[in-house]
Amino acid sequence: MEKCCLDCQQPIIGRADKKFCDDACRSNYNNRMRSRETAYFRKINHTLKKNRNILKVLNPEGKAKVGTGAMRALGFDFKHITEIYTTRQGSQYRFCYEYGYLLLEDNRVLLVKRDVPLT
């Protein structure tokens, strides 16, 4: 039984455990297999970066209060965050990297910035 390349389906010549006819086919096959996963991660990372930039623009001083409508108008997506920090009092700050927010009453949000040491 003749083995065929997993990418181009051409007959494989060489070792018995060989799966691809050359490096180009191996690379093409692996890129194609990962493309869906890569696209998903790229989309999530784009959303997280956009959220971070919105928080940065709305919070230049390190602490501010804004309405959720202002954040949504700029395209903020409340479903995507990098971390939740719960205080001893039970308040939950949601973070997009070093910029975070605390949901308040009346559709208001307290914006904060956490100092991140450069290492």
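A nonpolar core, as I use the term here, is a set of buried Ala, Val, Leu, Ile, Met, Phe, Trp, Tyr and Cys residues joined through side-chain atoms within 4.5 Å. I'm working on a predicted model.

**Entry 1: the core**

I looked up the largest nonpolar core and got 11 residues: I54, L55, L58, V66, M71, F76, C96, Y99, Y101, V109 and L111. Next I checked which elements feed it. Helix α1 (23-58), strand β4 (99-103) and strand β5 (108-113) each supply at least two of its residues. The most comes from α1, which puts in three. I also found another core lying apart from this one; it has five residues, including Y93, F95, L110 and V112.

**Entry 2: V109**

I picked V109 from the largest core and listed what it touches, skipping neighbours within four places in sequence. The contacts are A64, K65, V66, T68 and M71, plus Y101, L102, L103 and L104. Of these, V66, M71 and Y101 are themselves members of the largest core.

**Entry 3: aromatic rings**

I counted aromatic pairs and the structure holds five. F76 with F78 is one of them: edge-to-face, 4.8 Å centre to centre, with 70° between the planes. Then F78 turned up again, paired with Y101, also edge-to-face, at 5.6 Å between centres and 90° between planes. That second pair joins distant parts of the chain, since F78 sits in the loop between α2 (68-73) and β2 (83-86) while Y101 is in strand β4, 23 residues apart. Taken together, ring pairs link F76, F78 and Y101 into a cluster.

Why is F78 missing from the largest core when F76 and Y101 are in it? I went to the accessibilities. F76 is buried at 5% relative accessible area, and Y101 is buried too, at 0%. F78 comes out at 22%, so it counts as partly exposed. The cut-off for buried is under 20%, and a core takes buried residues, so F78 stays out because of its accessibility.

**Entry 4: the β2-β3 hairpin**

I turned to the strands. β2 pairs with β3 (residues 92-96) in the antiparallel sense, over four bridges. The two form a hairpin with five residues between them, and G90 in the turn has a positive phi of about 95°. I looked for the partner of E83 and found that it bridges to F95 in β3.

F95 also belongs to the five-residue core, and I checked what lies over its ring. R114 does, over the face of F95, at 3.9 Å from the ring centre.

How values were computed
Residues are numbered from 1 along each chain as its sequence is written. This is a predicted model: local features need pLDDT of at least 70, side-chain atom pairs count only at pLDDT 80 or more; totals for chains, interfaces and linings use all residues. Side-chain values use heavy atoms; hydrogens and water are left out. Buried means under 20% relative accessible area, exposed over 50%, partly exposed in between (1.4 Å probe, protein chains only). Contact means heavy atoms within 4.5 Å. Rings of Phe, Tyr and Trp (its six-membered ring) pair if their centres lie within 6.5 Å; planes under 30 degrees apart count as stacked, over 60 as edge-to-face and the rest as tilted. A charge sits over a ring if NZ of Lys or CZ of Arg is within 6 Å of the ring centre and within 35 degrees of the ring normal. Two strands pair if DSSP finds at least two bridges between them.
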